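Let's look at a protein chain together and ask how its labels are earned. Each answer sets a value beside a rule and draws a conclusion.

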Amino acid sequence: MRDLRSLRHFEAVYRFTSFSAAAEELGLTHSALTKSIKLLEDSWGVQLFHRTTRTVAPTEAANRLYPKAVELLAFAEDVQRSVKSGAHEMRVVCGPGILDNLIHPAILRYAERFPETRLVVSTMPPHLAAAELVQRRAHLLLYHRASIAGMPHVERMRVSDIADEPYWMLFRNGHVEAQASDDLASSAELDWALAGFDHLFERSLSEDVRRMLREKGVPRYRVMSQAACVELARNSNIVTAAPESAARGILSQGGLEGRPHPGGFRFSVSAAVLHDAAHEPTVAHFIECLRAND
């Protein structure tokens, strides 16, 4: 336990490259934190930081220790939660379109088999999500296939396909787009609101399409909620896009029209877990519950 506390102290000093800032975050005195790091160095027989009166720089040993310390601390926190609550917790990070379209029906199926498991689902930009997975603060990532392919540390991930279907564009009843030709360049003249249109997805498009979208300023509105994009389309001349299965459900509610997206874009979702993560039946079953949406 002493080493675990010292590792937590080491992680903060490494992250801040400052004993003072780390001590403030940890609620320790500067001298107490310095003593803790010195005990860890003496116990392990390594020097972790080069210290001067003005700077703190990690050694090569510290650079090797840091990612492993982060993993160990995350694992320890998970164990502590499990012991206290008696229940396992699974953390999922995904894109906003996936959160709106795939997550809730999967949760209902999942809860039938693992009713005691706590499930935490959040959304964030892909590069931040990759860091959450590598540092074992997340068990599963769900993003567009192109977004996962462009993530940092993707070589450490095991990736599997979840869903693949065309996008539809949605617009209010009577919108001029209802009579427009099925042409991407013409549609790009419109005001688009899109959820999950990140730079990794954009990089997966052809250079000609990327150039045209940049020139036209598409999308004008990047909103981290597909439901909000749909409401914008329902109440204005803004247009949006949704996976075909979700679009059909949205259209059945009235107030909107839709048709296949003229760009031929697809809602291609993949799941990513760490290669070296232990096989988790809860994670594997959640992936199966997502696939059952098809």
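Q: Leaving aside neighbours within four places in sequence, which residues is Ser-36 in contact with?
A: Good place to start! In this predicted model, Ser-36 is in contact with Ser-6 and His-9 once those neighbours are left aside. Contact here means heavy atoms within 4.5 Å.

Q: Where is Ser-36 found?
A: Look along helix H3, which spans residues 30–44. Ser-36 is found in that helix.

Q: Why does Ser-36 count as buried?
A: Its relative accessibility is 8%, and buried means under 20%. Ser-36 therefore counts as buried.

Q: What makes the link between the side chains of Ser-36 and Ser-6 a polar contact?
A: The two side chains are joined at 3.3 Å. A polar contact needs a pair of N or O atoms within 3.5 Å, one able to donate a hydrogen and the other to accept it. The value of 3.3 Å fits that cut-off, so the name polar contact applies to Ser-36 and Ser-6.

Q: How many disulfides does the structure hold?
A: The count is zero. Cys-94, for instance, is in no disulfide, and the nearest cysteine sulfur, in Cys-229, is 15 Å away.

Q: Why is the sulfur of Cys-229 not bonded to the one in Cys-94?
A: A disulfide is a covalent bond between the sulfur atoms of two cysteines. To be counted, the sulfur atoms must lie within 2.5 Å. The closest cysteine sulfur to that of Cys-229 is in Cys-94, and because 15 Å separates them, they are too far apart for a bond.

Q: How do you know whether Cys-94 and Cys-229 are buried or exposed?
A: Use the 20% cut-off again. Cys-94 has 0% relative accessibility, so Cys-94 counts as buried. Cys-229 also comes out at 0%, so Cys-229 is buried too.

Q: Which residues of helix H6 are buried?
A: Helix H6 covers residues 126–134, and its buried residues are Pro-126, Ala-129, Ala-130, Glu-132, Leu-133 and Val-134. After H6 comes Arg-136, which has a positive phi near 60 degrees.

Q: What percentage of the residues in the chain is buried?
A: Buried residues make up 45% of the 294 in the chain. The chain has 13 helices and 11 strands. It exposes about 15000 Å², with carbon and sulfur atoms supplying 54% of that area.

Notes: Residues numbered from 1 in each chain as written. Predicted model: local features only at pLDDT ≥ 70, side-chain atom pairs only at ≥ 80, totals over all residues. Heavy atoms only, no water. Buried < 20%, exposed > 50% of the residue type's maximum accessible area, 1.4 Å probe, protein only. Helix = DSSP H or I, 4+ residues; strand = E, 2+ residues; numbered from the N terminus. Areas by Shrake-Rupley, 256 points an atom, 1.4 Å probe, with all protein chains shown as cover.
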